[in-house]
Amino acid sequence: MPREHFTHVEAPELLPLPSGAYDVPKWSTPKVARDHFAQVERALYSLPTRLIGRVLSARSDHSFVRFYDREQLVKVCPKQPPCGRHIDPEDYPTHKRAYAMRDIDFLQKTADELGPSISALTKRLLAHPLPWTRMRGVQGLIALTRRYGAERVDAVCVTALAHDMLSVPRLRRMLESAAATPASTPTPPRALPPGRFLRPPQHYALPTTTTTGEPS
């Protein structure tokens, strides 16, 4: 008796009918870019480093965006509006999390440890109404210390601050010019040989003549 079984056994276990319309999901195949972001419906979502360059399957509904790699769920993110972005700090390596999260204090602390002039130049660069727009310049300044050494960069920063020069590309050109110019060693003074036709001063002295006149 299937009807009686449904009425007395199965019907009480059913959930009530949904009040709203069914949320139809949207599927897409975004590619994870080098900056850890994948774009779904004009919004950006960060993903782990190991997925960079992979093409994933994304299921987007009203509340969440689910990313699948070869039918395996790898990430669930809250749905963002168009032009929005969802950033998970755990998706980035430790040395890149500060840039992903726009951590200005971390950059300043790193510059403080490299040298006093580098720290002062970093403070000047970040003294801006929108300091995160200067993060790329500070990142380039810190990268110069890994290539040329903190001591040389700090010495060039002294000259830059003295002339109120805050351009990191120009600072890099100053370092490149200094590295390309070989250091000149001072040569000792060379003694001149004695003159071949040198004569004593008395040889050029004119004889003095005295004239006597008779009074008129």
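Analyst: Two strands pair if DSSP finds at least two bridges between them, and the strands (E, at least two residues) and helices (H or I, at least four residues) named here are DSSP runs, numbered from the N terminus. This is a predicted model, in which local features need pLDDT of at least 70 and side-chain atom pairs count only at pLDDT 80 or more, while totals for chains, interfaces and linings use all residues. Residues are numbered from 1 along each chain as its sequence is written, and side-chain values use heavy atoms, with hydrogens and water left out.

User: Which residue in E6 does Val-65 stand opposite?

Analyst: Strands E5 and E6 run antiparallel and are joined by six bridges. Their hairpin has two residues between the strands, and Arg-70 in this hairpin takes a positive phi near 55 degrees. Within E6, the residue standing opposite Val-65 is Cys-77.

User: Along strand E5, which side chains point to one face and are buried?

Analyst: Buried means under 20% relative accessible area, with over 50% called exposed and values in between partly exposed (1.4 Å probe, protein chains only). The side chains of E5, residues 64–69, alternate, and Phe-64, Arg-66 and Tyr-68 point to the other face and are not buried. The buried face therefore holds, under that cut-off of 20%, the side chains of Val-65, Phe-67 and Asp-69.

User: In E5, what is the bridge partner of Ser-57?

Analyst: Strand E4, residues 57–60, runs antiparallel to E5, and four bridges join the two. A hairpin of three residues connects E4 to E5. The bridge partner of Ser-57 in E5 is Tyr-68.

User: Which element gives the most to the largest nonpolar core?

Analyst: A nonpolar core is a set of buried Ala, Val, Leu, Ile, Met, Phe, Trp, Tyr and Cys residues joined through side-chain atoms within 4.5 Å. The largest one has 21 residues, of which Leu-141, Leu-144, Val-153, Cys-157 and Leu-171 touch the most other members. Two or more residues come from each of helix H3 (104–114), helix H4 (116–126), helix H5 (135–148), helix H6 (150–162) and helix H7 (168–180). The element that gives the most, with six residues, is H5.

User: How do H3 and H5 lie relative to each other, roughly parallel or roughly antiparallel?

Analyst: Two packed helices are described by the angle between their axes and the distance between the axes, where the axes are lines fitted to C-alpha atoms over the stretch in contact, and angles run from 0 to 180 degrees between N-to-C directions. H3 and H5 pack at an angle of about 30 degrees, with their axes 11 Å apart. Angles under 35 degrees count as roughly parallel, over 145 as roughly antiparallel, 65 to 115 as roughly perpendicular and the rest as oblique. H3 and H5 are therefore roughly parallel.

User: Is Gly-84 buried or exposed?

Analyst: Gly-84 is found in the loop between strand E6 (72–78) and strand E7 (85–86). Leaving aside residues up to four places away in sequence, Gly-84 touches Arg-42, Ala-43 and Leu-44, contact meaning heavy atoms within 4.5 Å. Because its relative accessibility is 16%, Gly-84 counts as buried.

User: Which strands are the edge strands of the open sheet E2-E3-E7?

Analyst: Three strands form this open sheet in the order E2-E3-E7, with mixed pairing. The edge strands, each pairing on one side only, are strand E2 (37–40) and E7.
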